[in-house]
Amino acid sequence: MNPPRHPMPYQPQQGGDPRLPVTIRHSSMVPGVYSSGPANSGSPQPGAPGTFCIPGTARVAAPPRHPKPQQLGNVTIPPGYQVAPGQLPGSGAPTPARGQPIAPLPSAPIPPDSRKRRPQERNRTPAAATQKKKKVADKILPQKVRDLVPESQNYMDLLAFERKLDATIMRKRLDIQEALKRPVKHKRKLRVYISSTYFPANPTGETDDDGVSSWELKVEGRLLNDEQTARSDASRSKKKFSSFFKSLVIELDRDLYGPDNHLVEWHRTGATQETDGFQVKRPGDENVRCAVLLMIDYQPPQYKLDPRLARLLGVHTQTRPVIVNALWQYIKSHRLQDASEREFINCDNYLAQILETDRLRFSEIPQRLHPLLLQPDPIIINYTVQTDTPDHKCQALYDIDVDVDDTLKEQMKSFLLSTASQQEISNLDNKIHETVETINQLRVSRQFFLGFANEPRGFINDWLTSQSQDLKTMTDEGSNVEEERQADFYTQSWTQETVSRYMYNRVQHQRLELEHALGIN
């Protein structure tokens, strides 16, 4: 038998709690969406646990499932009730007879702070709750609008082209990000200028050298630009000469300047200021032999291999990944990987002498390679400061190959970091969403008024009938009062389920009170 579609006043049994009048409604009263949970923890909210949500109607609390009662001896204890310790069977006190009412737990209001809320409800801000997330589907015009306005197909074509363009831009962005992870280096010529000037002694003593002969040595340099690099470098600052090196050492003649004053050193630190050149001034009127040692600052760092391993792999100075890859190619070409245990390498005679082991794991390769990786050799330029030239000046030029970053690297970074165009696109997307939403509202209004214009009488009757049904559902009207006055009405099959659900609500109510008293969140 289907349950009635009207409320039923609940009267508590003898010994029950007379303070709890409640209206019990069956879950099939109204169609809707039900989610289980406590229904008496406050006013039902849309989508809250234990409520039916019907668009345009009131929300009705739904009773939860029927809990199992407890059995103590020959006494059946309903959910939400308890027996004092002195009245338990076997405690020496008289046991209540079967069917005798047992005192319910005291009732107390639940503090608002103790009500549990779902995590997404706790973290949701008012702005986030009211803001609707924009979707791509929201920009598509409905088929009915496209049928009414054939010109709207042009908009749909533009929308399809926009999706293709967005996919292309996203793919290019990913390609640029991958390219930045593997920076491309280009070989460029760095021209080094080494010049010396001799200052003979001034007998009058009018200069700062107090009439002592001296000479000055300058080490400068710049990149040689071709036509393509000149155009690309015109819009950005040029790199200083010192930015290409980690250190620079000028070694003078030890016999002339002694063991304590024959070295001039410069080393890069965190606070180093880049410069376009270096100069050294010393007293003297004799030709001086000197050596300029330049240590290139490789990015990423490069290492010089042990001579034995360099001959074996054919690599002299390279980065660590290139060296490891060359070693793996040697292992693979000579079939040194163990056939049964693939994580082991069986070294041949040459590799065993270098790595000092006959068998090793792949994970041990970095540890074995570490003592074989040395610092790269510096670039050594020998130069002689001449003091016997007619014009007292001498100059020499040297070209060095250096690695520089790709000129497009900065442009790719600026493209990825640019947000001006993204903000403009976002604003235009918002306008498109608002326009499409307005069109949908106008379509609904047009359909409403068009139905009224075609058949006014039938449209008004249907509309009034629909509104009347909604009003009855919201106000709980339409019940048979005469039928509710009969005692047989409350002996139907659905009454047991509704009472059980009410008792389960009482258990949940008491549980929340106990958690609040114990301080359990």
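A residue counts as exposed when its relative accessible area is over 50%, as buried when that area is under 20%, and as partly exposed in between. By that cut-off F449, at 54% relative accessibility, is exposed. The model described here is predicted, and the points below take up its open four-stranded sheet, its aromatic pairs, of which a search of the whole structure finds nine, its 15 salt bridges, and the helix α15, which spans residues 494–518.

**The open sheet**

- Four strands make up an open sheet, in which they follow one another in the order β11-β8-β7-β19 and pair in the antiparallel sense.
- The edges of this sheet are formed by β11, residues 277–283, and by β19, residues 393–405, each of which pairs on one side only.
- From one strand to the next, the twist averages 15°.
- Seven bridges join β11 to strand β8, which covers residues 214–223, and this pairing is antiparallel; L217 stands opposite V280 of β11.

**Aromatic rings and charges over them**

- Among the nine aromatic pairs found in the whole structure is that of F448 and F449, whose ring centres lie 5.4 Å apart and whose planes meet at 85°, so the pair is edge-to-face.
- The two members of this pair fall into separate accessibility classes, since F448 is partly exposed at 38% relative accessibility, whereas F449, at 54%, counts as exposed.
- One aromatic cluster is formed by the four residues F241, F245, W266 and F278.
- K239 lies over the face of F244, at 4.6 Å from the ring centre, and K281 lies over the face of F199, at 5.2 Å from the ring centre.

**Salt bridges**

- Of the 15 salt bridges in the structure, one joins the side chains of K139 and D429, with an N to O distance of 3.5 Å.
- K139 belongs to the loop between α2 (126–130) and α3 (143–148), while D429 belongs to helix α12 (residues 420–454), so this pair ties together parts that are 290 residues apart in sequence.
- Both partners, K139 and D429, are buried, and together with E162 they are linked in a network of salt bridges.
- A further salt bridge connects D399 with R191, and here the closest N and O atoms are 2.9 Å apart.
- This second pair also links distant parts of the chain, with D399 in strand β19 and R191 in strand β7 (residues 185–199), 208 residues apart.
- D399 has a relative accessibility of 43% and therefore counts as partly exposed, and R191, at 24%, is likewise partly exposed.
- E274 and R268 form another salt bridge, in which the closest N and O atoms are 2.6 Å apart.
- Partly exposed is also the class of E274, which has a relative accessible area of 32%, and of R268, which has a relative accessibility of 26%.

**Helix α15**

- Helix α15 consists of 25 residues, 494–518, and reaches 37 Å from its first C-alpha to its last, which is close to the 36 Å expected at 1.5 Å a residue.
- The residue that follows α15 is G519, whose phi is positive, near 75°.

Methods. Residues numbered from 1 in each chain as written. Predicted model: local features only at pLDDT ≥ 70, side-chain atom pairs only at ≥ 80, totals over all residues. Heavy atoms only, no water. Pairing = 2+ DSSP bridges. Helix = DSSP H or I, 4+ residues; strand = E, 2+ residues; numbered from the N terminus. Axes fitted to C-alpha atoms, helices over the stretch in contact; angles between N-to-C directions. Phe/Tyr/Trp six-rings, centres within 6.5 Å; stacked < 30°, edge-to-face > 60°. Buried < 20%, exposed > 50% of the residue type's maximum accessible area, 1.4 Å probe, protein only. Lys NZ or Arg CZ within 6 Å of the ring centre and 35° of its normal. Expected span 1.5 Å × (residues − 1). Salt bridge = Lys/Arg side-chain N within 4 Å of Asp/Glu carboxyl O.
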